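Let's take a walk through this chain together, starting with the whole and ending with a few residues worth a click. Have your viewer open as you read.

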Amino acid sequence: ISPNPSTGIFTVTSEEEITAIEIYNVLGEKIYPTLSPSPKGEGSVIDLSSQPKGIYFVKVLSGDKVYSQKIIIE
């Protein structure tokens with residue numbers, strides 16, 4: 001995920017195919033829907049600029065693996 005911290009627009013990239021991306025706020029509410037698959041090596045641009053500043057959690061699903069990372073929106 002880059003850049004992090006961000007202004008709300010950032011890119012999620014993976015060496016593996018991304019099957020879904022979900023983003024949650026600190027209350028655990030899903031604020032960003034699942035995306036369509038992204039081929040490996042290609043990035044998915046996410047726009048959270050309409051969301052309030054704060055900490056969000058990005059959940060990336062790739063095959064049978066799940067990755068989670070925190071992102072800060074300034």
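How far apart are the mean positions of the positive and negative charges of the chain? They sit 5 Å apart, with 6 positive charges on one side of the tally and 9 negative charges on the other. Keep in mind that what you're looking at is a predicted model.

Now for the overall layout. The chain has 6 strands and 0 helices, so if you read from the N terminus on, the pattern is simply β-β-β-β-β-β. Lined up along its principal axes, the C-alpha trace fits a box of roughly 30 × 20 × 15 Å. Does that go with a compact globule or against one? With it: for 74 residues the expected radius of gyration would be near 11 Å, and because the chain comes out at 11 Å, the two agree.

The contacts tell you about the fold from another angle. Take the contacts with a sequence separation of 6 or more: 55% of them link residues 24 or more positions apart. As for the surface, about 4600 Å² of the chain is accessible, and carbon and sulfur atoms own 53% of that area. On the residue count, 30% of the 74 residues are classed as buried.

Let's zoom in on one residue, Ser62. You'll find Ser62 in strand S5, which covers residues 54–62. Is Ser62 buried or exposed? The relative accessibility of Ser62 is 2%, and the cut-off for buried is under 20%, so Ser62 counts as buried. Who are its neighbours? Leaving out residues up to four places away in sequence, Ser62 touches Glu16, Glu17, Thr19 and Tyr67. One of these, Glu17, also takes part in a polar contact: the side chain of Ser62 reaches the backbone oxygen of Glu17 at 2.7 Å.

Finally, scroll back to the segment before strand S1 (9–12), where Pro3 lies. Pro5 lies in the segment before S1 too. Which form does the peptide bond from Ser2 to Pro3 take? That bond is cis, with omega near -10 degrees. The peptide bond from Asn4 to Pro5 is also cis, this time with omega near 10 degrees. For context, most peptide bonds are trans. When you check the backbone torsions yourself, then, the bonds leading into Pro3 and Pro5 are two to look up.

Note on methods:
Residues numbered from 1 in each chain as written. Predicted model: local features only at pLDDT ≥ 70, side-chain atom pairs only at ≥ 80, totals over all residues. Heavy atoms only, no water. Helix = DSSP H or I, 4+ residues; strand = E, 2+ residues; numbered from the N terminus. Rg over C-alpha atoms; globule rule 2.2 N^0.38 Å. Buried < 20%, exposed > 50% of the residue type's maximum accessible area, 1.4 Å probe, protein only. Contact = heavy atoms within 4.5 Å. Areas by Shrake-Rupley, 256 points an atom, 1.4 Å probe, with all protein chains shown as cover. Lys, Arg positive; Asp, Glu negative; His and termini not counted. Charge placed at Lys NZ, Arg CZ, Asp CG, Glu CD. Polar contact = N/O pair within 3.5 Å; in protein donor to acceptor, adjacent residues only side chain to side chain.
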